[in-house]
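Me: I've got a model open and some labels I'd like to pick apart. Can we go through them one at a time?

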Amino acid sequence: MDDTYNPDWRYANMTQTEIEDHVKSRSTILLTRQHVIPESSGKKIKFRVTEKDLEHLVADALHRSKGVLLISDIADLPRHFNSAKYIQSANDNKKKKKGVKYQYYEISIAGRRMYLNIKVDRIKKEIRLHSITSTIQTTAAKR
């Protein structure tokens, strides 16, 4: 990424809550529609994004994926779902919840590679975009 241009400069003096509110106001399509990653990705999936998920994405952009996922990328994420590539599935290893799996898809925004982490909760019967990371641990899971 070009260090001389930072499209997130406008967020420099805002609190995380202020950033979340700003991103929510610009993310109508992301929050109100069901999204689809097509079969051509390697594994089709339909999912939603809630306001809580959006807050997690802002935290990812500020911390875990800083420099890869930009705050200004979040509202435009739906444009990139069609070009996502399936990487792997993994069980919930942190909380060890039964019925919870994560599907990882790679996307690229302006040459920055990142991974969508989509949470599939069979107990709650919901599929949501959980987070975006700059790296994933690859497993021996079947693709």
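What follows is a short back-and-forth about how the labels on this model are earned.

Reply: Ground rules: this is a predicted model, where local features need pLDDT of at least 70, side-chain atom pairs count only at pLDDT 80 or more, and totals for chains, interfaces and linings use all residues. Residues are numbered from 1 along each chain as its sequence is written, and side-chain values use heavy atoms, with hydrogens and water left out.

Me: Why is Ser41 called buried?

Reply: Buried means under 20% relative accessible area, with exposed over 50% and partly exposed in between (1.4 Å probe, protein chains only). Ser41 has 7% relative accessibility, so the label is buried.

Me: And where is Ser41 placed?

Reply: In the loop between strand S1 (35-37) and strand S2 (45-47). Helices (H or I, at least four residues) and strands (E, at least two) are DSSP runs, numbered from the N terminus.

Me: What makes the approach of the Ser41 side chain to the backbone oxygen of Pro38 a polar contact?

Reply: The term asks for a pair of N or O atoms within 3.5 Å; within protein, one must be able to donate a hydrogen and the other to accept it, and residues adjacent in sequence count only if both atoms are side-chain atoms. The Ser41 side chain reaches that Pro38 oxygen at 2.8 Å. A polar atom of the Ser41 side chain also lies 3.0 Å from the backbone oxygen of Lys43.

Me: Which residues does Ser41 touch, not counting those up to four places away in sequence?

Reply: Ala84, Lys85, Tyr86 and Tyr105. Contact here means heavy atoms within 4.5 Å.

Me: Why does Ala84 count as buried?

Reply: Ala84 comes in at 4% relative accessibility, so buried is the word. Ala84 lies in the loop between helix H4 (71-74) and strand S3 (85-91). With residues up to four places away in sequence left out, Ala84 touches Ile37, Ser41, Tyr105, Glu106 and Ile107.

Me: How do you know that the radius of gyration of the chain agrees with a compact globule?

Reply: The radius is taken over C-alpha atoms, and the globule rule is 2.2 Å times the number of residues to the power 0.38. For 143 residues a compact globule would be near 15 Å, and the chain has 15 Å, so the two agree. The C-alpha trace spans about 40 × 30 × 25 Å along its principal axes.

Me: How many helices and strands does the chain have?

Reply: Four helices and six strands, running α-α-β-β-α-α-β-β-β-β from the N terminus on.
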